[in-house]
Amino acid sequence: PYGANDHDKKFGNYIIHINALTTDQLPPEIARGYEISRSKNRGMLNVSVRERQGQMEVPVTASISVMAKNLSSQLKSIALREVTEVDSAAIYYIGELPVGNEETLIFDIDVKPVGSRETFLVSYRQKFFTSY
């Protein structure tokens, strides 16, 4: 169920984009701007929701909850915070959590876009590498 390019999930007119990385991969100025500690042992999950409206895709706010677990079924909590960029009209949700080298996490994400009656369940899998 997990392919190499599973970053975008489509549900009707909604597109949910998911990305996860270690925070040391963020440029220093970006990390500072969002008050994120850069570390190879910190993972960051980024979720955004867009709605197709005719030929355009527009960012939408959503209620999002996440549960992460590793392959040993150990649960890791992750709280997302909404980030809105006025200049680009982008809306996304970021959260951080500790990660170990070669640890694979499965993120179970519930997304309910504002104005939608439906909640969408997305599973996303990411393996983190903290040693180079």
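The largest nonpolar core in this predicted model has 25 residues. Ile16, Leu45, Val49, Ile64, Phe107 and Ile109 have the most contacts inside this core. At least two of its residues come from each of β2, β3, β5 (62–70), β8 (90–98), β9 and β10 (120–128). Another core, of 8 residues, lies apart from it and includes Leu21, Leu26, Met44 and Val83. In soluble globular proteins, nonpolar side chains tend to be buried together.

**Contacts of valine 49**
- Setting aside residues up to four places away in sequence, valine 49 touches Tyr14, Ile15 and Ile16.
- Its other contacts on that basis are Val58, Pro59, Val60, Ala62, Ile64, Val111 and Pro113.

**Strand β2 and its partners**
- Strand β2 covers residues 14–22, and 7 of its 9 residues are buried.
- Strand β1 (residues 8–11) pairs with β2 in the antiparallel sense over 4 bridges.
- Lysine 9 has isoleucine 16 in β2 as its bridge partner.
- The hairpin formed by β1 and β2 has 2 residues between the strands, and glycine 12 in the turn has a positive phi of about 60°.
- β2 also pairs with strand β3 (residues 42–53), in the antiparallel sense, over 9 bridges.
- Valine 47 in β3 stands opposite isoleucine 18.

**Isoleucine 106**
- Isoleucine 106 is part of strand β9, which spans residues 103–113.
- Isoleucine 106 counts as buried because its relative accessibility is 12%, and the cut-off for buried is under 20%.
- Isoleucine 78 is 28 residues from isoleucine 106 in sequence, and their C-alpha atoms are 12 Å apart in space.

Definitions and conventions: Residues are numbered from 1 along each chain as its sequence is written. This is a predicted model: local features need pLDDT of at least 70, side-chain atom pairs count only at pLDDT 80 or more; totals for chains, interfaces and linings use all residues. Side-chain values use heavy atoms; hydrogens and water are left out. Buried means under 20% relative accessible area, exposed over 50%, partly exposed in between (1.4 Å probe, protein chains only). Two strands pair if DSSP finds at least two bridges between them. A nonpolar core is a set of buried Ala, Val, Leu, Ile, Met, Phe, Trp, Tyr and Cys residues joined through side-chain atoms within 4.5 Å. Contact means heavy atoms within 4.5 Å.
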